[in-house]
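User: I am new to this structure and would like to understand how some of the descriptions of it are reached. Could you take me through the reasoning step by step?

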Amino acid sequence: MFWAINGLALAQDYDLLLRGGRVADGTGNPAVFADVAVKDGRIAVVGRVTGTVKREVDVKGLIIAPGFIDVHTHAEGIEDQPLAENFLRMGVTTLVLGNCGGSRLNLGEYFKQLEATNISPNVCSLIGHNTVRRQAMGGSFMRPPTEAELTQMKGLVEQAMQDGAVGLATGLIYLPGTFAKTEEIAALAKVAGTHGGIYASHMRSEGESVFKALDELFRIAREAGIRGHISHIKLAGKSYWGQTGKFIAAIEQARAGGLDITQDQYVYPASSTGLSQLIPDEAREGGAEQFRARLGDPAKHAEIVSRMKAALHKQGRDDYAYAVIASYSKDKSLNGLNVVEATKKKRGGDSLDEQVELILDVERNGGASAVFHGMSEDDLRVFAQHPNTMFASDSGVRKFGEGVPHPRGYGNNARVLGEYVREVKLLRLEDAVRRMSSLPATTFQLKDRGLVREGAWADLVVFDPAKVADRATFKEPHQYAVGFKLVVVNGVVVVEDDRHLGTRPGRVIRLNRQ
Ligand SMILES: [Zn+2]
């Protein structure tokens, strides 16, 4: 901040000046030519800047936008990988953790640890329903909680909200949340709502029962008096494609009825989660021991197999070629192979029965993550065009080169700008920026973030609209996005010319306390 000239220490008016760019300020308004000056971590001037400056960067021909806010991440591992390079290098400056029902239990402690570690992006977190349910209900989940257990769960949510959580998240296809009734979730959502938090849900179904699941989300929002958010909106499974109109009409009707409903989406027609999702919940309930015991019982084994086949056929499929193993620690040679290929390799034959056995075998040996090619590009584009859809990766912090994970963790935001804005022209650039900045900031109530405005935190991304692109593919996901001149977090440059500088200026964002 001080510059020694002729023995005198002179204060500079600004720390950083971006000169000559076009500002897409996050509101969705047309980009304007303006300089942006930063001082003490905040945006000091947007417009014509005069005065002394520590560092000036010529950004002619480039877009200056608010740093992107990724509202749907699983980046709890940032403790071990504080640079979060895959996120920063696609313009993301703030991450929301704790999605799909899984978070750290003690967020107060976790936030302190992150502050002591120093991390590159800003983070905030939801409190996970599965996390508190597991804590309160011990090992038995296929039942409603007792009154004492529900009280304990409410207490855990209350504590998390006091520690600054931005809301409650559910993952209702996962254990143990899948066994929770609507009343239980509404009771917990009410606690989060009292503090001004949001209810974000990986809904109970994204295929066969998606409209029932949506009704449940609306009911929870209404009964708990809370904003409702649909995580990674999609129609999964061929048989359910094409119902986007009905889906959006239901959301619009709920909004017209007084509910505040929003949604996020990753822009790839494939999802990613545990391969275990192909196995019925009841077979896996209670842990690995019980799962193995059920498989050892011929009658139960046959029942599991027949339910798996029925679920597959209901989706309109004859085999599991749409499911690709992403990361299987027991046998890494299967990473990147689809279930049919993996079955052939491990078992010789590749009949449907052999495929089912392979899936059960993987789960028996610790499980694997997988990529499921189960969505339609047409549906994806309809959801992407809805004005309340924000773009979010559903990714964790990637370990470079490890496994064959979903490419969204390296490319999601860049893909929106390169593919859907520039190539396909599905979205206006300013609107795409809005859905990755001010819309998430407003929805998750992140104060003074998401806009290029005087007084806001200086989270900024400067990119070349002609070059910005994702490079990660399903076959070769470990490739960083390109086209980013600068990514700035709280006034500090983290990425320059598509390189992470190793700086760690990120802060923990606590709800109602910034
Ligand atoms: Zn999810």
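**Reasoning from values to descriptions**

User: How do you know that the length of helix 4 (residues 147–162) agrees with its number of residues?

Analyst: In this predicted model, helix 4 has 16 residues, which at 1.5 Å a residue should span 22 Å, and its end C-alpha atoms are 22 Å apart, so the two values agree.

User: What makes the buried residues of helix 4 line one face of the helix?

Analyst: The buried residues are Glu149, Leu150, Met153, Val157, Ala160 and Met161. Seen down the axis of helix 4, they fall within an arc of 120 degrees, and therefore they line one face. In general, an α-helix has 3.6 residues a turn, so residues three or four places apart point the same way.

User: Which elements does the buried side of helix 4 pack against, and which exposed residues lie on the face turned away from it?

Analyst: The buried residues of helix 4 pack against helix 2 (107–117), strand 13 (127–128), helix 3 (129–137), strand 14 (167–171) and helix 5, whereas the face turned away carries the exposed residues Glu147, Ala148 and Thr151. Just after helix 4 comes glycine 164, with a positive phi of about 110 degrees.

User: Why is arginine 434 called buried?

Analyst: Buried means under 20% relative accessible area, and arginine 434 has a relative accessible area of 15%, so it is called buried. Arginine 434 belongs to helix 15 (residues 429–435) and, leaving aside neighbours within four places in sequence, is in contact with Gly26, Thr27, Gly28, Pro387, Leu439 and Pro440.

User: How do you know that the span of helix 6 (residues 210–224) agrees with the expected one?

Analyst: The 15 residues of helix 6, at 1.5 Å a residue, should span 21 Å, and because its end C-alpha atoms are 21 Å apart, the span agrees. Among the buried residues of helix 6 are Val210, Phe211, Leu214 and Phe218, and what covers its buried residues includes helix 5 (182–194), strand 15 (198–202) and helix 7 (244–256).

User: Which residues have the most contacts inside the largest nonpolar core, and which helix gives the most to this core?

Analyst: The largest nonpolar core has 111 residues, and those with the most contacts inside it are Phe247 and Phe463; helix 6 gives the most to this core, with 9 residues. Apart from it lies another core, of 27 residues, among them Ile279, Tyr328, Val356 and Ala370. Not counting residues up to four places away in sequence, phenylalanine 247 touches several residues, including Val210, Phe211 and Leu214.

Conventions:
Residues are numbered from 1 along each chain as its sequence is written. This is a predicted model: local features need pLDDT of at least 70, side-chain atom pairs count only at pLDDT 80 or more; totals for chains, interfaces and linings use all residues. Side-chain values use heavy atoms; hydrogens and water are left out. Helices (H or I, at least four residues) and strands (E, at least two) are DSSP runs, numbered from the N terminus. The expected span of a helix is 1.5 Å times one less than its number of residues. Buried means under 20% relative accessible area, exposed over 50%, partly exposed in between (1.4 Å probe, protein chains only). Contact means heavy atoms within 4.5 Å. A nonpolar core is a set of buried Ala, Val, Leu, Ile, Met, Phe, Trp, Tyr and Cys residues joined through side-chain atoms within 4.5 Å. The arc is that of the directions from the helix axis to the C-beta atoms.
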